[in-house]
Every structure is written in C-alpha cells, then in structure tokens.
Amino acid sequence: MTPLRPNPARPTPARPNSDRPTTPHLDRAPWPADLKALSDAELARLAGELREETISAVSVTGGHLGSGLGVVELSVALHAVFDAPRDKIIWDVGHQCYPHKILTGRRGRIRTLRQGGGLSGFTKRAESDYDPFGAAHSSTSISAGLGFAAARDLGAPGVGDVVAVIGDGAMSAGMAWEAMNNAGALGKRLFVILNDNEMSISPPVGALSEYLSRIYANGPLHDLKALAEGAAALLPGPAREGARRARDLVRGAALGGTLFEALGFSYVGPIDGHDMGQLLRVMRAARARADGPVLIHCLTVKGKGYAPAESSADKYHGVAKFDVVSGEQAKGKPAAPSYTAVFGEQLTRAAALDPRVVGITAAMAEGSGISKLKARFPERAFDVGIAEQHAVTFAAGLAAAGMRPFCAIYSTFLQRAYDQVVHDVALQNLPVRFALDRAGLVGADGATHAGAFDLAYLCTLPNFTVMAAADEAELARMVATAAAHDAGPIALRYPRGNGTGVAIPEAPQPLEIGRGRVLREGSAVALLSLGGRLEECLAAAEALEARGLTCTVADARFAKPLDRGLILRLARGHAALITVEEGAAGGFGAHVLQLLAAEGALDRGLRIRTLTLPDRFIDQDTPERMYAEAGLTAADITAAALAALGVDAATEAATA
Ligand SMILES: Cc1ncc(C[n+]2csc(CCOP(=O)(O)OP(=O)(O)O)c2C)c(N)n1
Ligand SMILES: CC(=O)[C@@H](O)[C@H](O)COP(=O)(O)O
Ligand SMILES: [Mg+2]
C-alpha cells in the first residue's frame, strides 16, 4: 500500500539562496487558462515552481505560509481542471490562497501581500474575479458555495461549477456541518474538497479529527483500483446506489466515507493531495460525472516542500519575514511582553489561586495565551476547536455549575457567537469572563481581523461589565478583577502586540468596578481614553499644553458601567471633553454622550467630541498607518480638541 503522507525523515533538497526562483513553466501561465495548454507532467513541474515562488514571496512579506504550501498541487489541479472564474473556487479562511493568487493574474503583485495598498492576505471579491467569495473567518466556504450552486440552478448567469476547499480544522466548526446538512439534502452539484493536513493552527482537537485519522489509517481508498471504484460512486442514479452498496458490503462500517455519505455526499478519497496525477484524475472524473454533492478527501502536509515549515507546522502557520535558506524568521526581541503573554501568565496565576478558574479557546491556544494555562493546568484548559459559539455556551454551562470560566476569544471571532453571548450568558446573568484579544486594528490581517465592534455589541447588553486595558499592568489588574467578579458576565479587551513596558504588579489587585483613573489634571480640555490609545492622549495633552491649554487625561477603564462621577466631573470642569476608543461608533463614546445628555450636562454648552474608528473597513497596513487613517493618533486627538474649542490650528500656527 502506498503511504499517503510523505516520510518526514526524507530530506528536503537543498535550495539555492536566490531571491527569485527560476520558473519557466510558471512564467508561461500567468492565468488559469494557460494551464490548459500544459501536459500533466508540465503541470507537476509548474507546481514545484509555484511552491518556490510562494516561499520566495512570503519570505519578503511574511504571512501565512504552511497552509499555502500544502495546497500547491491542489491549486494547480483545480485551475487546470475547472474553468474559473465561471467555475467558483472558494477557499475556506483564505489564508492558503497565495498559490491561487499567483495562478490568477496576481503574480506581479504577490510581493505586496498584506502590505498597505497591496494584495490582501485572504480572498477578496474586490481584488479579483477569481475570488468569488471573501473570507478570513473560517468555515464559511460550503455555505457560500451552496449559495452559488442554488443560484446557478435558479438561472443566475455566469455561475458554473462550485468548489469549496475547506481544511480539517475549519471542518470542526458547526457552520460547516450546517452547510453539509443542507447541501446533502438539496442534492445540488457541488464539490467540497476536504484538505486534511491533520493540523489546525496547532494540532487539531476533537472527535472529528480522530475520525478523519481513522479514515486514512484504513489506507488509500483511491489507489488506481479504488479510484475506479470511487468514480463509480459518482455515477448518476441507480448505478451509484449499487456501487455504494457493493462497496459498503466489502468495507463494512469502517469505510471512510460513511459520515459524509450519510449526509448525502458522494465520498472520494482519501487521495494524496501532492500527487498531481492522482489529483488530476480524480478531479476530472468528479467533474465529468457528478450529479450531486461530492466530497473529495485530500491528504496533504502543512508546509509541504519546505523543511522548516514541514517540521514545525504550527510555527510556520503564520510567519514574519524569513531567510529562505535557514528558515529563520526576522523577529526582533521586543522591549515589552505581548498582551497575550501577560494575559496567559495572569490567567495561570488566577488559576493557581482558585481551582474554579478554567480557560477556553476556540483553536487559538497560542494566539490567546491559553497555552500557558494548559502547560500548568492541562485539565483546566479547553481547546474546543474552531467553535466560538460552542465555546461561549460551554463556558456558560461551566459558569452555571459554579466554575469561573475565562473564554479567551479574539474580538473579531466572538462576533460569530453573539447570540450565545446574549441568550446563554447575559440573559441568565452568568459570570463568564470574556478575554478579548486583538481589540482595535491589527495590522497585516486587515479589516476581517479588526476588533472593531465588541464595545458596541457588548456595552448594549444588560448585566455586562466591560473593561479595556490601557497597558499590560492594567491588563493584569483586569484579569484579577474578572476572576473575582461573580456578579455577572465581564469582558476585558486588549490590543494585538506588545505592551508599553510598564511594571506589572507582583500581586495584581481587583479594580473597583466602574471606577476610572486620572493621570494628569488640567482645566481646558479633558481627554477621556478607553483602552490602548492612552499614550496618544498623553502625547496630545503635551501638544495642547504647549499651546497653553491645560489638559486632564483620564483612563476610563470601564466602558460599562461608566464612571458617572468621573465623567460628570470632567464635563463640569472643562470647556471640552474628547473621548477616545479603538472601537466603532456606538461603543464607549456613545454611552458617555447618552449619560451626559441624560444628566443635562450637554445643556450647559460643553463641547464634546467622540473619537472612534470610522464608519468604514480599513484595509491592511501597519497598525500605525491604520490608526492614522482612522484618525486616532495624538495629532488627531490634538486637532479634535482644538476644533472643539474653536481654535484654528492653522491660523494659530501662522500667527505664531
Ligand atoms: C471563526 C474563526 N476562528 C478562528 C480562526 C483562526 N484560524 C485561522 S486558520 C485556523 C486553522 C485552520 O485550520 P485548517 O482549516 O485545517 O487549515 P490549515 O491551516 O491546516 O490549512 C484558525 C483556527 C478563524 N480564521 N476564524
Ligand atoms: C488566518 C487567521 O485567522 C489566523 O491565522 C490569524 O491570522 C492569526 O492572527 P494573529 O497573528 O493575530 O494571531
Ligand atoms: Mg488543517
């Protein structure tokens, strides 16, 4: 029996240290149509060049590497067999789409990936006709694909075949199974390619992952003989039923396809996703014969063909710029710890003090800091897979049973679990602690990953307490506050990246709920910050003071409940009040305005401005440039204060 996965001991050939690989076949194929002119052997060679080009490009941009390297052959085979853009190839998450971008007319810009003004690191409709559906959050591809298939069957023009490519990690999400359930019942012609590399970002978890492992442990169903058998399963009508029954009789309950077939899919696989010949044969057979939903199970290797990425698939999921020869990533030593690391340490500390403290992550153990808890208290750290909705209700159950769960989910991914937050947590007033990493703008991942909305969507919920950390010491205090808070749900949010370098207290004490702090006092302008823009507010205060306008700078700490006393005092004691937050309108500033309106504080001529993220999505760039575009820099805060006071900065400068 041919081994499906390559022998990891097999050395990857040495590679030349050239900036640009030699790519004669790829050079001949800037567009998918060009692949049609190549023989199968040439396509295999082109795939090798595509891999080198992907490695070379990511080495200068940074980005998601391992996932793309695993789908190089698949990308070539799909574009060789299907006719995009009429046929819709939908990449789940989209983090593996760089080879697809190179093959679809974007090779010339591939070294702008994830840079300001450059190509997105994900699929994006606005970028290319070959990206029929945008993504970056996982497990949407089958639903979207089924939408295209249903539209096609209702006569929508310009839609041919539909292919959803989804990873084994993404397949763990409920949404993928909702789509499979619907697709199986509708019976529409739809191709789902399960790209099974036995990896999520970290090694995958859960019963599904074990099930998939059992399938390939049974051996290749589709060696050449089995491929014929599998192709028979694609035959229309009664022939298919007959073939399926015969195969089930031979293979019995251990047959790999059972779960997918039970849902109404024809199952083909597992096949070797790096064997171009096999891929092309299966795709062509599937395309020629399918009359309903088909799942093709491809086994691939994350990081395939690049030794550092193959041997350390989790570390090469997302990379900084790196040296191609050594694989060494260009990561400088930061002056301050990351917020994520501080959260992980403080959570572990809280867990050491209280056996009821547990941590939950939805497939982001490293990214969320839950890995630190897991290292010390493995039985109290739960990785539930890419399943944010389940994570929240699971945490609610834990809280209802008297535990102190910390649900650590990136702000952007918690969006997916909003009804669970409302219905299962807030409504029942259960003390789930939400640790929302990546609050605000995140840089290269762009708009899909911005933590823009949590303040707006959480502050509106009864029973919730919502905090935002201005620095890592504040984060430590907020973890202690959340751990001690049994009165109801509580959220703490903090940005991506490193802290400010302040000292973290040895034994952080809980904060008084709903109390802010004042960092400097003045009388002309009050700058009221929530979260990570505090340093910008302090810099703005310096600039305003240089103009003779003394400033109070306060850190609200709590977006809910508001520190009414502090806010009313700021409103009474200053001519202008500026609120600043790294969140969309409708969050902190909106609630401050509502308080001031209700208290009549606006009737006395207070000049107030609420600085938030703008009402548009901001594309990827450095966080600094993104905040400049958002109008949340020290200069913007200064300008807003001057404008509120009616000081024309330009005239003032001219007069000076
Ligand atoms: C809703 C959501 N949760 C979490 C993530 C973060 N995330 C991005 S890729 C990934 C792992 C995906 O694994 P898989 O689908 O197997 O793809 P692979 O990287 O292995 O190719 C995760 C957890 C996300 N993008 N969307
Ligand atoms: C594709 C995806 O969703 C993740 O890989 C994400 O890019 C990780 O982001 P961080 O680097 O902020 O953990
Ligand atoms: Mg995977």
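## Two ligands and the residues around them

Around ligand 2 sit Val93, His95, Ile201, Gly318, Gly367, Arg438, Val442, Asp445 and Arg496. Bear in mind as you look around that this is a predicted model. Sorted by class, that shell comes out even, with 3 nonpolar, 3 polar and 3 charged residues. Where does ligand 2 lie relative to domain 1 (24–319) and domain 2 (339–493)? Both domains give residues to its shell, so ligand 2 lies between them.

Now for ligand 1. Its shell holds 25 residues, and the closest are Ser67, Ser138, Gly167, Gly169 and Ala170. In this shell you'll find 10 nonpolar, 11 polar and 4 charged residues. Domain 1 (24–319) and domain 2 (339–493) each supply at least three residues to the shell around ligand 1.

### What the UniProt record adds

An unreviewed UniProt entry lists two sets of residues under "binding site". One of them is His95, Ala136, His137, Ser138, Gly169, Ala170, Asn197, Tyr306 and Glu388. These span 294 residues in sequence, and the farthest two C-alpha atoms are 31.8 Å apart, so they do not all gather at one spot.

The other "binding site" listing in the unreviewed UniProt entry is a pair, Asp168 and Asn197. They span 30 residues in sequence, yet their C-alpha atoms are no more than 6.8 Å apart, so they gather at one spot.

Here is how crowded some of these listed residues are, along with where each one is found.

| Residue | Loop it is found in | C-beta neighbours within 10 Å |
|---|---|---|
| Ser138 | between α6 and α7 | 26 |
| Tyr306 | between β6 (293–299) and α14 (307–311) | 23 |
| Asp168 | between β3 (162–167) and α8 (174–186) | 22 |
| Asn197 | between β4 (190–196) and α9 (207–217) | 25 |

Are these residues buried or exposed? A residue counts as buried when 20 or more other C-beta atoms lie within 10 Å of its own. Ser138 has 26 such neighbours, so it is buried. Tyr306 makes the cut because it has 23. Asp168 is buried with 22, and Asn197 is buried with 25.

Who are their contacts, once residues up to four places away in sequence are set aside? Ser138, which is also among the closest residues to ligand 1, touches Asp92, Val93, Ala170, Ala173 and Ile386. Val93 turns up again in the shell around ligand 2. Asp168 touches Leu194, Asp196, Asn197, Glu198, Pro204, Ser209 and Leu212. Asn197, for its part, touches Gly70, Gly167, Asp168, Thr300, Val301 and Lys302. Gly167 is another of the residues closest to ligand 1.

### A lysine in a loop

Lys124 belongs to the loop between α6 (98–106) and α7 (141–153), and Ser138 is found in the loop between α6 and α7 too. Is Lys124 buried or exposed? It is buried, because 21 other C-beta atoms lie within 10 Å. Apart from its neighbours within four places in sequence, Lys124 is in contact with Asp131 and Gly134. For a sense of scale, Lys124 and Ala634 are 510 residues apart in sequence, and their C-alpha atoms are 32 Å apart in space.

### A helix that is mostly covered

Helix α22 (residues 472–484) has 13 residues. From first C-alpha to last it reaches 19 Å, close to the 18 Å expected at 1.5 Å a residue. How many of its 13 residues are buried? The count is 11, so α22 is largely enclosed by the rest of the structure. The buried ones include Glu472, Leu475, Arg477, Met478 and Val479. Their cover includes the helix α15 (339–353) and the strands β8 (357–361), β10 (404–408), β11 (433–436), β12 (465–468) and β13 (490–493).

### How the domains meet

Stepping back, the protein chain is divided into domain 1 (24–319), domain 2 (339–493) and domain 3 (518–655). The centres of domain 2 and domain 3, taken over C-alpha atoms, are 28 Å apart. What does the contact between them involve? On one side are 24 residues of domain 2, in contact with 29 residues of domain 3. The domain 2 side gets at least two residues each from α21 (454–459) and β12. By class, that side has 17 nonpolar, 4 polar and 3 charged residues. The strand β12 has appeared before, as part of what covers the buried residues of α22.

Technical notes:
Residues numbered from 1 in each chain as written. Chains lettered and ligands numbered in written order. Predicted model: local features only at pLDDT ≥ 70, side-chain atom pairs only at ≥ 80, totals over all residues. Near = placed C-beta within 6 Å. Nonpolar A, V, L, I, M, F, W, Y, C, P; charged D, E, K, R; others polar. Domains from an automatic or database assignment. Helix = DSSP H or I, 4+ residues; strand = E, 2+ residues; numbered from the N terminus. Buried ≥ 20, exposed ≤ 12 C-beta atoms within 10 Å, placed from the backbone. Contact = placed C-beta atoms within 7 Å. UniProt positions renumbered as here; feature names shortened; annotations may be inferred. Expected span 1.5 Å × (residues − 1).
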